[in-house]
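Biologist: Please choose one part of this model, look at it closely, and then follow its connections outward through the rest of the chain. I would like a careful account that keeps the backbone geometry, the surroundings of the ligands and the overall fold in one picture.

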Amino acid sequence: MEDKIRVLLTEEQVDQKIQELGEAISRDYAGKEVHLICVLKGGAMFTCELAKRITVPVTMDFMSVSSYGSGTESSGVVRIVKDLDEPLKDKHVLIVEDIIDSGRTLAYLIEILKQRGPSDIRLCTLLDKPERRVKKQVKVDYAGFCIPDEFVVGYGLDYNQKYRNLPYIGVVEL
Ligand SMILES: O=P(O)(O)OC[C@H]1O[C@H](OP(=O)(O)OP(=O)(O)O)[C@H](O)[C@@H]1O
Ligand code: HPA
């Protein structure tokens, strides 16, 4: 059965925001090379679109962590499912996420990636749900949109693995 999805952010709004983020990142990393870490699966679409709009040299790597059960609530347990291929030593690392919700995934990721000796680590997320934050220490350097506490899909985000392909951000009306 098809779920009813209400549009929260249109494709045009998302595109425009990614362009602005790409410009800000290109300015901030001028004269440097930025190493994008895409957090799969949700971060895939945003990472690719963002990378296209960054004008300084870019390298990319991918990792997959599992932090959620099958529904909409965090389990609190974060596990590396696929690790990075490349070392991070002396790199300017930019972690790219689709959403920061409780902050558990990122709090864990940042701690383990810091131990690998990067020059610096920053965080870029398309969506931020600050009301839901449990891990207050997670500092977001680049956030596309702050959104209310609603379960969203599209642009990489899923509901039971569906809707990742939507080119906009929507709310599933349950
Ligand atoms: O701030 P948090 O509460 O930790 O939630 C954010 C995390 O949850 C989602 O991933 P998910 O575990 O659903 O995996 P997926 O990207 O493969 O869908 C999202 O992509 C973030 O990684
Ligand atoms: O609102 C959300 N939608 C999809 N996946 C998520 N993971 C954390 N929050 C969300």
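Modeller: I will start from K41, which sits in the loop that links β2 to α2, and I should say at once that everything below describes a predicted model. The peptide bond between L40 and K41 is cis, with an omega of about -5°. Most peptide bonds are trans, so this one deserves a look on screen. K41 also belongs to the surroundings of ligand 1, where it is listed among the closest residues together with G42, D101, S102 and T105.

The whole shell of ligand 1 holds 18 residues, and by class it divides into five nonpolar, seven polar and six charged ones. Several elements contribute to it: β2 (34-40), β3 (58-68), β5 (92-100) and α3 (104-114) each provide at least two residues. Of the contributions to this shell, the one from β5 is the largest share, at four residues.

On the other side of the loop that holds K41 comes helix α2, which spans residues 44-52 and whose buried residues are M45, F46, T47 and L50. The elements that cover these buried residues include α1 (11-28), β2, β5 and β6 (120-128). Two of those names have already come up, since β2 and β5 also supply residues to the shell around ligand 1.

Ligand 2 has a shell made of I99, D101, F151, V152, V153, L157 and D158. Sorted by class, that shell contains five nonpolar and two charged residues, and no polar ones. D101 is the residue to follow from one ligand to the other, because it appears in this second shell as a neighbour of ligand 2 and is also named among the closest residues to ligand 1.

V153, another member of the shell around ligand 2, leads into a sheet, for its bridge partner in β9 is G170. The pairing of β8 with β9 is antiparallel and rests on two bridges, while β1 pairs with β9 (residues 169-173), again in the antiparallel sense, over five bridges. In this second pairing, K4 faces E173 of β9. Taken together, the three strands make an open antiparallel sheet in the order β1-β9-β8, in which β1 (4-9) and β8 (152-153) are the edge strands, each pairing on one side only.

The loop between β8 and β9 contains two residues with unusual backbone angles, and they are best read against the background that most residues other than glycine have a negative phi. Y155, which lies in that loop, has a positive phi near 50° although it is not a glycine. Q161 lies in the loop between β8 and β9 as well, and its phi is also positive, near 75°. Their surroundings stand apart: Y155 counts as buried because it has 28 C-beta neighbours inside 10 Å, whereas Q161 is exposed, with 8 other C-beta atoms within 10 Å.

A further point of reference is P87, in the loop between β4 (74-82) and β5, which is exposed because it has 11 C-beta neighbours inside 10 Å. Its C-alpha atom is separated by 41 Å from that of R6, a residue 81 positions away along the chain. This separation can be set beside the extent of the C-alpha trace, which spans about 50 × 35 × 25 Å along its principal axes.

For the fold as a whole, the chain has three helices and nine strands, which follow one another as β-α-β-α-β-β-β-α-β-β-β-β. With a radius of gyration of 16 Å, close to the 16 Å expected from the globule rule for 174 residues, the chain is therefore as compact as a globular protein of that length. Buried residues make up 28% of the 174. Among contacts between residues at least 6 apart in sequence, 66% join residues at least 24 apart.

As for confidence, the average pLDDT of the chain is 93, and 95% of the residues score at least 70. The scores for the model are ipTM 0.96 and pTM 0.94.

Definitions and conventions:
Residues numbered from 1 in each chain as written. Chains lettered and ligands numbered in written order. Predicted model: local features only at pLDDT ≥ 70, side-chain atom pairs only at ≥ 80, totals over all residues. Near = placed C-beta within 6 Å. Nonpolar A, V, L, I, M, F, W, Y, C, P; charged D, E, K, R; others polar. pLDDT = per-residue confidence, 0-100. Pairing = 2+ DSSP bridges. Buried ≥ 20, exposed ≤ 12 C-beta atoms within 10 Å, placed from the backbone. Contact = placed C-beta atoms within 7 Å. Rg over C-alpha atoms; globule rule 2.2 N^0.38 Å.
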